[in-house]
Amino acid sequence: MSNQLKWLFLSFSIFLLPISIYAFQVDSVANSKELPSEEKINEPNKSNYLPNSLEDYNEAYYQLTRLNNPLGLAPNKFNLQTPQATLEHFVINCRNKNFKDAAYALNFNLFPNNLTEEEAINIAQKLYFVMDQRVAINWDGISDRPDGQVDISTTTNQAVAGAPRRSVVFGEAAIENRDIIFRLQRVKYKDYGAFWLISANTVENTEDLYQVYGPTFLDRYMPTWSQAKIGTVPLWKPVLTFILLIFSYMLGKVAILLIRRIALSFNKPLIMALSKKLGVPAALATGVLFFYISLNELISYSGVYSSTIYALLLAIVIASGTWFFMRILDFAMRYVAEHKIGDLTSENSHESRQLFTYLSVARRILTFTVVIIGTSIILSQFRSMEKLGISMLASAGLATIILGIAAQSTLGNIIAGIQIALTKPARIGDTVIIEGRWGYVEDIRFTYMIVRTWDLRRLVVPLKTIISDTFENLSITSPHSLNEIELYVDYRIDVEKLRMKFKELLENSEEWDKEHPPILQVTEMTEKSLKVRAICSASTAVMAWDLHCKLREQMVAYIKELEKGIYLTRSRVEVKEPHFNSKNIKKPNE
């Protein structure tokens, strides 16, 4: 039992370590006793808005005609001179539970004139809770200059001055497909100096944001003893997260068993095979979806960790759904290919090869489309990726040119694959000769074609080559094939005898399809021999190759045995009597 406790404690420690690291970097949330109420403070019947709170346009600040802050102007001891100083003032005072001082950093001009000090404090508390939960503040990107500019240095280390800014964005969140932008604005009231406040529009959306991102049920009602913290995160949150993770894993296992049990009840091989394909992606989608919903509804993490983990979980849900759909698509295509399409190597397999090629190309195009759509949805969950996408659209002309140049070969091959599916110069199962290599089209993929040669090697041919270069397709119209046999024989041979022997051998061959009659012709004459060509046919290219090899062997054996091989090719040399013969030379004493 002690060993089990040790392992359990070790598992908890490993799981809590990253959460603790993140927790030290993000803001903490208030406990259940200190959370503000969710009641709306706006009372439309009592509202008394002035006609306009802004005067003439000024590029350096917003001129206010009123300052609807029940607390009045901020004391001089508060530093609201720069965007960073104002935001730091608000966050630090909220962390210290001093929400009254924090409220001085808010612009309440869009609220009724009768807004009370207690209501202003309540708004500040709610806004901080929302910011702490969902806004990842990039402090390095927020200016610490009164004009709102970010210092830019050149190679000479001289600061570059720009136009003053009167509005700075420091975060964003979404409510029902509506983006809420968090802004700081530089304002000027009467003759007082300009200062920075969190904008009136941001403050006005506080209540709506709080309804979506406010504290969960457990945040409000967990007992005090469970609020013991690891860093700045209450202990009950990582513990409950670990429990939900285990429960989600078990739920995924149950989903697999349930799918298999339902498949067994039908007692059909098709449904059984489908259940094996869909079990794992369905279990993953079920478990992750449950974990995402339960974590979002029961536990509220804060800061960067919150926005990252929820977006990541949603991305996994979408990815598992995409995987699930791809498995269904792949299974349907393979089932049709295996059960509805005939033998690709049979004599009358023209339509089968054509249909299988259509299915192969269509499966890859649909898979590619599903992956692109799923990836787009996943990337849309990360707001930084959305900004990247907007930036790319803004420079679409240049991006299109660069992409076209970089991916010219890949895109060309993909388009060539679509052309092959439509024009059918080659299909899966066809017999082809490419670059002098003889083989079968084994598969057609996104950008290349695989050809299996006679020696079981694989040629990987880019699809653009199939469209642009010349190659031989021996079965584009029919698998029926002709082969020729070339023989070199002596001039004295009786060609008619040779022709009759070839006819006899061909008619006795089982491979002959009788589509073409036996033909033997003298096609060439050299100084040494005659060149004879014989034609044989068979139902497929493979059978035609085997038949022509067998007939050539038999014909050579016949010529060799015919009159002891005198008709084999030979070189002739004429020998004449020499002018001087040693026998005719007389000796000296004769």
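## Close-up views of a predicted model

**View 1. The hairpin of β3 and β4 has an unusual backbone angle in its turn.** Between the two strands of this hairpin sit 5 residues, and K190 takes a positive phi near 55° there. Please keep in mind throughout that this is a predicted model. K190 belongs to the loop between β3 and β4. Its phi of about 55° is positive although K190 is not a glycine. As background, most residues other than glycine have a negative phi. The strands on either side of the loop run antiparallel, and 4 bridges join β3 to β4. If you would like one pair to look for, L184 stands opposite I198 in β4.

**View 2. Strand β4 is covered on both of its faces.** Which residues lie on each side of β4? F195 and L197 are on one side, with W196 and I198 on the other, and all of them are buried. The pattern fits a general rule: in a regular strand the side chains alternate between the two faces of the sheet. I198 is worth a second glance, as it is also the residue opposite L184.

**View 3. The largest nonpolar core brings helices and strands together.** This core has 39 residues, and those with the most contacts inside it are F90, L106, F108, M131 and F182. At least two of its residues come from each of α2 (83-95), α3 (99-103), α4 (117-134), β2 (167-175), β3 (178-189), β4 (195-198) and α6 (206-213). Which element supplies the largest share of this core? That is α4, with 8 residues.

**View 4. F182 and its neighbours.** Leaving aside residues up to four places away in sequence, F182 touches L127, V130, M131, V135, V168, V169, F170, G171, E172, A173, T202 and L209. M131, one of these neighbours, is listed together with F182 among the residues with the most contacts inside the core.

**View 5. A nonpolar patch lies on the surface.** V280, L284, L312, I316 and W323 make a nonpolar surface patch of about 390 Å². Two elements, α9 (269-298) and α10 (303-339), give two or more residues to the patch. The most come from α10, which gives 3 residues. L312 is found in helix α10. Is L312 buried, partly exposed or exposed? With a relative accessible area of 42%, L312 is partly exposed, because the partly exposed class covers values from 20% to 50%.

**View 6. Five strands form an open sheet.** The order of the 5 strands is β10-β9-β8-β7-β11, and the pairing is antiparallel. At the edges stand β10 (458-462) and β11 (472-473); each has a single partner strand, so one side of each is left without a neighbour in the sheet. Inside the sheet, 4 bridges join β7 (residues 431-434) to β8 (residues 437-444). Look there for I434, whose bridge partner in β8 is R437.

**View 7. Two serines sit in loops beside β14.** S529 is found in the loop between β13 (519-525) and β14, while S539 lies in the loop between β14 (530-538) and α17 (541-561). Are these serines buried or exposed? S529 counts as buried, at 5% relative accessibility, and S539 is buried with a relative accessible area of 12%. Both values place them there because buried means under 20% relative accessible area. Not counting residues up to four places away in sequence, S529 touches Y488, V489, Y491 and T569. S539 and W512 are 27 residues apart along the chain, and their C-alpha atoms are separated by 7.7 Å.

**View 8. K514 pairs a positive phi with an exposed position.** You will find K514 in the loop between α16 (495-507) and β13. K514 has a positive phi of about 65° although it is not a glycine. Its relative accessible area is 65%, so K514 is exposed.

**View 9. The whole chain gives the setting for the close-ups.** The chain has 17 helices and 14 strands. Of its 590 residues, 40% count as buried. About 35000 Å² is exposed by the chain, and carbon and sulfur atoms supply 58% of that area. Among contacts between residues at least 6 apart in sequence, 68% join residues at least 24 apart.

Note on methods: Residues numbered from 1 in each chain as written. Predicted model: local features only at pLDDT ≥ 70, side-chain atom pairs only at ≥ 80, totals over all residues. Heavy atoms only, no water. Patch = residues over 30% accessible without salt bridge, like charges linked within 9 Å, V, L, I, M, F, W, Y side chains within 5 Å. Areas by Shrake-Rupley, 256 points an atom, 1.4 Å probe, with all protein chains shown as cover. Salt bridge = Lys/Arg side-chain N within 4 Å of Asp/Glu carboxyl O. Buried < 20%, exposed > 50% of the residue type's maximum accessible area, 1.4 Å probe, protein only. Core = buried A, V, L, I, M, F, W, Y, C linked by side-chain atoms within 4.5 Å. Contact = heavy atoms within 4.5 Å. Pairing = 2+ DSSP bridges.
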